[in-house]
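Work through the exercises below with the structure open. Each task is followed by a solution in steps.

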Amino acid sequence: MNVFLPCRPSLVRHAFSGLGRRTMSSARDAPTAAAATTTLNFLFPGVEAALSSTGTSTAAPSTSAITSPSSAFKVASTTAAAPLTLPPPSDPLLSFLTSLLQQSGNRTRASARVSSMLLHIHALTRAPALPLVRHAALAAAPAVRLKSHKRGSKNVQMPVALSEKQRIRAGLKAMLKSSEGKQGKSVQERMAREVVGVVRGGGGALEGKAVVHRVAMVNRGTCLCGDTPCAEFPDGGVLSLGNLWELVARAQAHARGTDWKVCCDHS
Amino acid sequence: MPVHIANVRVRPKKAPPTNLCAGQLSAMLGCWAATKDLHNTGTCAQAAQDLFHCMRVTPKTGKVARPSINYHLAKLKKITK
């Protein structure tokens, strides 16, 4: 939603913008006040002394005629020095979801669908929709991805950590795919039901995430190894055998009298 | 009878994927194996947050230059022609 403000955009600070802090009492106001007092002193000798004795520099701008909304804003702003802070122009998560729904470069249609999805969520839950979407995206986001790697004649699945953007994308993609089995004529309605389902603890997206995590857990011995064999401690720690001296030193530090077992099968 | 190879090329071996935060990842996977908390809602929540923080602050590794052996082999083929 665009909000019209009768002032220069650079004087307004967005919540997540990189603009530096600018107070309303900027350099532009000082010359204006000085010019006004000079004019007044010429017309009414002694007024400058009177103004300085009262110590109200804001009186000078007020005596000049307020001809434009910008000067009115300046007058109001000189009394309150705190900058005006607006929320960001678009939510990053919703922008990301819009990009996923976008087809053939039609951003307006995708944006309308996202807005309609938020409306459906609110109709289903009577609660603010954006926090629910955020919670669902984070809940459905997998933490790892499995990459297939050939070791000898055997294909092993190696778990690889994902960045935040990759996780969110994977979670939203899983929710979009799972929403195809939901009721509803439009994608926004089905996606809204999927979001509500994920928040309530169900949904196919969560099941898919559990499957990926389970396979990654089973193949946890390959995440550090690469092509070298691994050893696994009973408490779940995994070390690489690439540096034997380091392994011996760590084994001595963790000496508990328990035995190791080799977890990787290298054929 | 001599063997004739039209283009002498070497196909590089596929390298295993690099893991940026291997320690934190192995800790989280070990926590899953011990507690079965696959959704990181209970005991493994802290291990997951450590991994996410590491992925957030760790800089990405630069692109490794591909070997130019195939270029030199093609040059050699022209020389020996």
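**Exercise 1. Decide whether Ile5(B) is buried, partly exposed or exposed, and find the patch that includes Ile5(B).**

Step 1. The model is a predicted one, and the values used here are computed from it. The relative accessible area of Ile5(B) is 52%.
Step 2. The cut-off for exposed is over 50%. Ile5(B) therefore counts as exposed.
Step 3. In chain B, Ile5(B) belongs to the segment before helix 1 (22–35).
Step 4. Together with Val3(B) and Val8(B), Ile5(B) makes a nonpolar surface patch of about 290 Å².

**Exercise 2. State which parts of chain A have a pLDDT below 50, and say how they should be read.**

Step 1. Take the chain average: chain A has a pLDDT of 70, and 52% of its residues score at least 70.
Step 2. Residues 1–45 of chain A have a pLDDT below 50. The model nevertheless gives this stretch 49 contacts beyond near neighbours in sequence.
Step 3. Residues 258–267 of chain A also stay under 50. Here the model has 23 contacts beyond four places in sequence.
Step 4. Where pLDDT is low, the predicted coordinates should not be read in detail.

**Exercise 3. Summarise the make-up of chain A: its helices and strands, its buried fraction and its exposed area.**

Step 1. Chain A contains 11 helices and 7 strands.
Step 2. It has 267 residues, and 33% of them count as buried.
Step 3. Among contacts in chain A with a separation of 6 or more, 57% join residues 24 or more positions apart.
Step 4. The chain exposes about 16,100 Å², of which carbon and sulfur atoms supply 58%.

**Exercise 4. Determine how many residues of helix 5 of chain A are buried and what covers them.**

Step 1. Helix 5 spans residues 92–101, and 7 of its 10 residues are buried, so that the helix is mostly covered.
Step 2. The buried residues are Leu93(A), Leu94(A), Phe96(A), Leu97(A), Thr98(A), Leu100(A) and Leu101(A).
Step 3. Their cover includes helix 6 (107–125), helix 7 (129–140), helix 8 (164–178) and helix 9 (187–199) of chain A.
Step 4. At the start of helix 5, a side-chain oxygen of Asp91(A) comes within 3.2 Å of the backbone nitrogen of Leu93(A).

**Exercise 5. Place three salt bridges, including the one between Glu164(A) and Arg56(B), in the structure.**

Step 1. The whole structure has 4 salt bridges over all chains.
Step 2. In the pair Glu164(A) and Arg56(B), the closest N and O atoms are 3.3 Å apart. This pair crosses between chains, from helix 8 of chain A to helix 2 (residues 45–57) of chain B. Glu164(A) is partly exposed at 40% relative accessibility, and Arg56(B) is partly exposed at 49%.
Step 3. Glu194(A) and Lys182(A) form a salt bridge with an N to O distance of 3.8 Å. Glu194(A) is in helix 9 and Lys182(A) in the loop between helix 8 and helix 9, so the pair ties together parts 12 residues apart in sequence. Glu194(A) is buried at 0% relative accessible area, whereas Lys182(A) is partly exposed at 29%.
Step 4. Glu189(A) and Arg193(A) also form a salt bridge, with the closest N and O atoms 3.2 Å apart. Both are in helix 9 of chain A, and because they are 4 residues apart, about one helical turn separates them. Glu189(A) is partly exposed at 21%, and Arg193(A) is partly exposed at 30%.

**Exercise 6. Find where Gln188(A) lies and which residues Gln188(A) touches.**

Step 1. Gln188(A) is located in helix 9 of chain A.
Step 2. With a relative accessible area of 17%, Gln188(A) is buried.
Step 3. Leaving out residues up to four places away in sequence, Gln188(A) touches Arg113(A), Ser116(A), Met117(A) and His120(A).

**Exercise 7. Characterise Arg126(A) and Asn40(B) by phi, place and accessibility.**

Step 1. Arg126(A) is not a glycine but has a positive phi of about 55 degrees. Asn40(B), also a residue other than glycine, has a positive phi near 55 degrees.
Step 2. Arg126(A) sits in the loop between helix 6 and helix 7 of chain A. Asn40(B) sits in the loop between helix 1 and helix 2 of chain B.
Step 3. Arg126(A) is exposed at 67% relative accessible area, whereas Asn40(B) is buried at 15% relative accessibility.

Note on methods: Residues are numbered from 1 along each chain as its sequence is written. Chains are lettered from A and ligands numbered from 1 in the order in which they are written. This is a predicted model: local features need pLDDT of at least 70, side-chain atom pairs count only at pLDDT 80 or more; totals for chains, interfaces and linings use all residues. Side-chain values use heavy atoms; hydrogens and water are left out. pLDDT is the predictor's confidence in each residue, from 0 to 100. Contact means heavy atoms within 4.5 Å. Buried means under 20% relative accessible area, exposed over 50%, partly exposed in between (1.4 Å probe, protein chains only). Helices (H or I, at least four residues) and strands (E, at least two) are DSSP runs, numbered from the N terminus. A polar contact is a pair of N or O atoms within 3.5 Å; within protein, one must be able to donate a hydrogen and the other to accept it, and residues adjacent in sequence count only if both atoms are side-chain atoms. Patches are made of residues with over 30% relative accessible area and no salt bridge: like charges are joined within 9 Å, nonpolar side chains (Val, Leu, Ile, Met, Phe, Trp, Tyr) within 5 Å. Accessible areas come from the Shrake-Rupley method with a 1.4 Å probe; for residues, only the protein chains shown count as cover. A salt bridge is a side-chain nitrogen of Lys or Arg within 4 Å of a carboxyl oxygen of Asp or Glu.
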